[in-house]
Amino acid sequence: MKISVVGCGYLGAVHASSLAKLGHDVVGVDIDQAKVDLLASAQAPFYEPGLPELLGETLATGALAFTTDLSRVRGAVVHFIAVGTPQQENSNAVDLRAVESAFDAIIPHLTAGDVVVGKSTVPVGTAQRLAARIEAVGAHVVWNPEFLREGYAVKDTISPDRLVYGVRPGDDHAVAVLDEVYASVLAQDIPRVVTDFATAELVKVAANAFLATKISFINAMAEVAEVTGADVTQLADAIGYDQRIGRKFLNAGLGFGGGCLPKDIRGFMARASELGAGDALNFLGEVDAINLRRRERMVDLCREVLGGTIEGARIAVLGLAFKPDSDDVRDSPALDVAARLAELGGRVRATDPQAIETSRRVRPGLDYVATAKEAARDADVVLVLTEWREYRDIDPDEFGSVVAVRAILDGRNCLDPVQWREAGWTYRALGRP
Ligand SMILES: NC(=O)c1ccc[n+]([C@@H]2O[C@H](COP(=O)([O-])OP(=O)(O)OC[C@H]3O[C@@H](n4cnc5c(N)ncnc54)[C@H](O)[C@@H]3O)[C@@H](O)[C@H]2O)c1
Ligand SMILES: O=c1ccn([C@@H]2O[C@H](COP(=O)(O)OP(=O)(O)O[C@H]3O[C@H](CO)[C@@H](O)[C@H](O)[C@H]3O)[C@@H](O)[C@H]2O)c(=O)[nH]1
């Protein structure tokens with residue numbers, strides 16, 4: 001099938017190349033010329049395992065192309081809209097300007113029978129509002145939210161846990177077209193939920209709200225563990241054995257960040273308030289607050305280990321990305337903590353395997369170095385803030401030879417306290433004695 005994907009960021013670039021891999025003829029459109037140039041030369045504009053190979057393979061066969069020229073969507077019968085929906089600058093609400101303009105811009109290029117598929121995460125009610133404009137030219141609208149995780153984006157796109165189609169009741173044409181798009185996904189026996197627009201939009205934010213709540217739940221337990229001498233990681237293991245609870249997303253630490261969970265729970269609360277259902281989501285305000293408190297706690301713990309003063313201390317920060325296997329620093333707890341320590345007068349030297357360039361763009365003033373050893377040279381304390389494999393694998397004995405003081409703060413509960421203490425380190429973590 002001939003398909004267009006409008007918006008080629010983390011979501012759109014992966015979606016476009018995955019659809020090409022699944023046998024479709026895909027054109028990806030973005031307004032960012034630099035991004036299009038990179039993608040067209042098979043370079044991923046961000047770090048995502050497997051994406052460069054996928055781009056190389058699908059561009060080479062001619063199944064995939066990128067452009068800034070929106071008119072090249074003509075002839076495609078399905079148009080995915082995957083533009084950004086960030087948080088508004090001065091409120092919790094979602095900034096829908098990119099979605100609005102992408103929908104408006106594509107209308108002149110549509111032919112009756114085309115299907116426009118919203119992939120972006122939007123406040124409930126958006127699809128209904130935008131559909132009227134699209135339907136006026138005889139095209140159809142589907143809201144098909146995306147659940148991929150960064151770091152596993154290609155796998156999650158080709159083998160997702162489920163597909164959700166939000167359609168006008170009785171729009172069999174749209175359902176049939178989307179089934180054709182996803183034929184090789186559905187052939188893997190993946191559940192498919194066909195529903196209305198509002199439910200589809202809500203499924204997406206509800207899923208992220210649930211995940212955020214699970215993380216803040218365990219971080220709330222970490223707060224209590226800290227004042228009782230209990231160990232939150234053992235607590236998580238023990239409650240996680242209950243199959244109704246499950247161990248996934250119960251990793252206590254610095255909390256959640258990224259381009260999705262924080263802004264999606266805030267946008268969800270803002271939209272529910274507009275609709276008069278704000279009280280139903282008051283708990284998400286607490287989820288957000290617990291999450292942000294973890295960052296403060298990390299700064300406090302650092303101050304404590306340094307004997308009361310951050311100013312002038314040499315602080316090594318390992319990890320800046322919001323999670324491993326990503327260079328994304330949108331609302332990254334790690335970068336936030338590094339920046340706060342620097343603002344408090346700490347002599348912060350920070351590193352990350354992939355996120356130095358992205359960090360530099362948002363926090364140009366920090367001192368970035370290429371390796372963990374460089375960051376840790378003569379340090380008074382080392383903080384592990386993103387659980388990259390290479391930091392988990394550090395040999396505490398060898399690493400001890402470069403620092404001034406053997407003090408390590410494990411912001412992600414990803415190190416073995418016994419091993420570090422045996423090597424003579426002061427080991428401290430969030431939610432662990
Ligand atoms: N990143 C993820 O893991 C993920 C997962 C699921 C859902 N989502 C949702 O997907 C959407 C996109 O997120 P993202 O992380 O890919 O954002 P992003 O900022 O990485 O990418 C958005 C892209 O859209 C482009 N764009 C903006 N306006 C445009 C227009 N009018 N025409 C063409 N291109 C335009 C931008 O230049 C940018 O490249 C958001 O709604 C997000 O919540 C993201
Ligand atoms: O037990 C855990 C699990 C995750 N995190 C943190 O939570 C954040 C989000 O992690 P993850 O959900 O893996 O990353 P994303 O790539 O942001 O994916 C989320 O957001 C996407 C965009 O909406 C959705 O598509 C995905 O389903 C949803 O998992 C990161 O900062 C993690 O460090 C924890 O602190 N503890």
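This passage describes the domains, one sheet and the two ligand shells of a predicted model.

The domain assignment divides the chain into domain 1 (2-193) and domain 2 (196-433). Their C-alpha centres are separated by 31 Å. In the contact between them, domain 1 takes part with 27 residues and domain 2 with 27 residues. On the side of domain 1 that touches domain 2, helix H5 (126-135) and strand S7 (163-166) each contribute at least two residues. By class, this side of domain 1 comprises 17 nonpolar residues, nine polar residues and one charged residue.

An open sheet is built from six strands, arranged in the order S11-S10-S9-S12-S13-S14 with parallel pairing. Strand S11 (367-368) and strand S14 (426-429) occupy the edges; each has a single partner strand, so one side of each has no neighbour in the sheet. S11 is joined to strand S10 (residues 347-351) by two bridges, and the two strands run parallel. Ala350 has Tyr368 in S11 as its bridge partner. Two helices were examined against this sheet. Helix H12 (residues 282-305) packs on the sheet and touches strand S9 (314-318), strand S12 (381-384), strand S13 (407-410) and S14. The direction of H12 makes an angle of about 165° with that of S13. Helix H13 (residues 333-343) also packs on the sheet, where S9 and S10 are the strands touched. The direction of H13 makes about 160° with that of S10.

Ligand 1 is surrounded by 27 residues, of which Gly7, Gly9, Tyr10, Leu11 and Ser120 come nearest. Helix H1 (10-21) and helix H4 (97-106) are the elements that give two or more residues to this shell. The most is given by H4, with four residues. In terms of residue class, the shell around ligand 1 holds 13 nonpolar, nine polar and five charged residues.

Around ligand 2 there are 22 residues, and the closest are Glu150, Asn251, Phe256, Gly258 and Cys260. The elements that provide two or more residues to the shell around ligand 2 are helix H9 (197-228) and helix H11 (261-274). H9 makes the greatest contribution to this shell, with three residues. The shell around ligand 2 consists of 10 nonpolar, seven polar and five charged residues. Because domain 1 (2-193) and domain 2 (196-433) both give residues to this shell, ligand 2 lies between them.

Two sets of positions come from the UniProt record. In an unreviewed entry, UniProt places the feature "binding site" at Phe147, Leu148, Arg149, Glu150, Lys204, Phe249, Leu250, Asn251, Ala252, Gly253, Gly257 and Lys323. These positions span 177 residues in sequence and their farthest two C-alpha atoms are 24.6 Å apart, so they do not all gather at one spot. Glu150 is placed in the loop between strand S6 (140-143) and helix H6 (153-158). Both Glu150 and Asn251 are among the closest residues to ligand 2.

For "binding site" (unreviewed entry), UniProt also lists Asp30, Lys35, Thr85, Thr121, Glu150, Lys263 and Arg330. These residues are spread over 301 residues of sequence and are also spread in space, with up to 23.5 Å between C-alpha atoms. Asp30 is found in the loop between strand S2 (25-29) and helix H2 (33-40).

Note on methods: Residues numbered from 1 in each chain as written. Chains lettered and ligands numbered in written order. Predicted model: local features only at pLDDT ≥ 70, side-chain atom pairs only at ≥ 80, totals over all residues. Near = placed C-beta within 6 Å. Nonpolar A, V, L, I, M, F, W, Y, C, P; charged D, E, K, R; others polar. Pairing = 2+ DSSP bridges. Contact = placed C-beta atoms within 7 Å. Axes fitted to C-alpha atoms, helices over the stretch in contact; angles between N-to-C directions. Domains from an automatic or database assignment. UniProt positions renumbered as here; feature names shortened; annotations may be inferred.
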